[in-house]
Amino acid sequence: MRYVLIHKLSVLFDEDLLRESWRLSTVKRIENCEDAIVSLLSEVKSRAENAPLDARSKELIIDALDFGIRKPLSLDFGHPDQKIISPNAVGFQFVVAAIARRTRKKRRKSVSSIIVDRQNQFNKAQIGTHYNLSRIAEGIKNSSEKDKAMYFNNPLYTDFSPEEVSHKGLTDKELTISKSADSIGLQIVDVYLWIANKLISGVNLPSELMELWQLFQHRSLIDGISMRGMAERFKNFEKNLPKLNDLTDEQRIVAKESVVQHRKKVKALV
């Protein structure tokens with residue numbers, strides 16, 4: 001239910017709090033920002049206490065904030081590589097997913113190499129992103145059927161096949177970093193990206209470039225991360241759930257017991 005909570009949590013933030021959250025997420029020496037984290041979480045907690053949220057959501061949010069206020073340096077604020085959550089690095093996940101998708105479509109076991117344009121400020125983050133995704137793919141491949149089912153049935157992945165979620169076909173070979181001047185492939189990609197960007201921006205291109213666009217547009221796609229996208233996926237997941245009035249007494253007892261156990265777990269963290 002974390003994706004539902006993200007939406008409910010979002011109503012507590014304004015532009016200033018978002019900017020401060022981003023600053024603390026990307027600062028290198030987080031140990032020097034303990035007071036700032038406590039201040040941020042305390043403000044969000046105050047807003048949560050007065051927000052028109054349902055009781056259980058409010059309880060979960062406040063419990064998490066209380067833990068962070070007590071142990072601010074135990075959270076995921078700060079990172080030694082400030083570019084790891086930059087748009088370039090986050091967006092590179094979609095590039096990796098598209099490569100794995102293309103590999104499966106071509107019915108190949110893997111690809112020989114992945115060549116990435118040299119960008120000193122982002123290459124380290126891109127390498128880290130590819131490495132992590134390849135390890136996840138390998139971990140899913142070697143996990144039990146029970147663990148796979150739990151992973152694949154996550155609400156966020158409702159619209160995806162198991163192959164898509166597990167990045168089947170993704171190579172575990174290291175990325176090759178190259179200058180565009182040394183790679184005809186990167187030069188072609190730069191041309192495609194330039195054309196796509198112009199079209200998305202509503203620029204009218206000459207017929208010669210439109211003919212080039214027609215060569216690859218049917219194989220292209222636009223992907224992204226958004227609150228709207230998460231909401232749509234959860235709605236699709238929710239369609240498969242039984243109606244509240246259709247729950248059996250046994251199911252209601254199990255649900256209540258899970259809440260009790262969760263409260264015990266939270267209390268033990270104090």
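In these legends, a residue is buried when its relative accessible area is under 20%, exposed when that area is over 50%, and partly exposed in between. The model shown is predicted.

**Figure 1. Tryptophan 213 and phenylalanine 216 form an edge-to-face pair in helix 10.** Rings pair when their centres lie within 6.5 Å. The count by this rule is five aromatic pairs. In the pair shown here, the ring centres of tryptophan 213 and phenylalanine 216 are 5.0 Å apart. Their planes meet at 85 degrees, and planes over 60 degrees apart count as edge-to-face. Both residues are buried. Helix 10 covers residues 207-216. Tryptophan 213 and phenylalanine 216 sit three residues apart in that helix, so about one helical turn separates them.

**Figure 2. Phenylalanine 234 and phenylalanine 237 make a tilted pair.** The centres of these two rings are 5.7 Å apart. The angle between their planes is 45 degrees. That angle is neither under 30 degrees, as for stacked rings, nor over 60, as for edge-to-face rings, so the pair counts as tilted. Both residues belong to helix 11, which runs over residues 227-238. With a spacing of three residues, phenylalanine 234 and phenylalanine 237 are about one helical turn apart. Phenylalanine 234 has 12% relative accessibility and therefore counts as buried.

**Figure 3. Tyr151, Phe152 and Tyr157 form an aromatic cluster.** Ring pairs provide the links between these residues. A separate view shows a charge over a ring: arginine 135 lies over the face of tyrosine 131. The distance to the ring centre is 5.1 Å.

**Figure 4. Two salt bridges sit in helix 2.** The structure has 13 salt bridges in total. Helix 2 spans residues 15-26. One of its bridges joins glutamate 15 to arginine 19, with the closest N and O atoms 3.3 Å apart. These partners are four residues apart, about one turn of the helix. Glutamate 15 is partly exposed at 48% relative accessible area, while arginine 19 is exposed at 57%. The other bridge shown here joins arginine 23 to glutamate 20, at 2.9 Å from N to O. Arginine 23 and glutamate 20 are three residues apart, so about one helical turn lies between them. Arginine 23 is partly exposed at 37%. Glutamate 20 is also partly exposed, at 23%.

**Figure 5. Lysine 148 and glutamate 145 meet in a salt bridge in helix 7.** The N to O distance is 3.6 Å. Helix 7 runs over residues 145-152. The two residues are three apart in this helix, a separation of about one helical turn. One partner is buried and the other is exposed: lysine 148 has 17% relative accessibility, and glutamate 145 has 60%.

**Figure 6. Asp14, Glu43 and Arg47 share a salt-bridge network.** The view brings together these three side chains, which salt bridges link into a network.

**Figure 7. The side chain of asparagine 123 reaches a backbone oxygen.** Asparagine 123 lies in helix 6, residues 123-141. Its relative accessible area is 7%, so asparagine 123 is buried. The side chain reaches the backbone oxygen of aspartate 117 at 3.1 Å. Beyond neighbours within four places in sequence, asparagine 123 contacts Val116, Asp117, Arg118 and Ile177.

**Figure 8. Arginine 107 and histidine 167 have positive phi values.** Most residues other than glycine have a negative phi. Arginine 107 has a phi of about 60 degrees. Arginine 107 sits in the loop between helix 5 (87-105) and strand 1 (115-117). Its relative accessibility is 78%, so arginine 107 counts as exposed. Histidine 167 has a phi near 55 degrees. The loop that holds histidine 167 runs between helix 8 (162-165) and strand 2 (176-178). Histidine 167 is buried, with a relative accessible area of 13%.

Methods. Residues are numbered from 1 along each chain as its sequence is written. This is a predicted model: local features need pLDDT of at least 70, side-chain atom pairs count only at pLDDT 80 or more; totals for chains, interfaces and linings use all residues. Side-chain values use heavy atoms; hydrogens and water are left out. A salt bridge is a side-chain nitrogen of Lys or Arg within 4 Å of a carboxyl oxygen of Asp or Glu. Buried means under 20% relative accessible area, exposed over 50%, partly exposed in between (1.4 Å probe, protein chains only). A polar contact is a pair of N or O atoms within 3.5 Å; within protein, one must be able to donate a hydrogen and the other to accept it, and residues adjacent in sequence count only if both atoms are side-chain atoms. Contact means heavy atoms within 4.5 Å. Rings of Phe, Tyr and Trp (its six-membered ring) pair if their centres lie within 6.5 Å; planes under 30 degrees apart count as stacked, over 60 as edge-to-face and the rest as tilted. A charge sits over a ring if NZ of Lys or CZ of Arg is within 6 Å of the ring centre and within 35 degrees of the ring normal.
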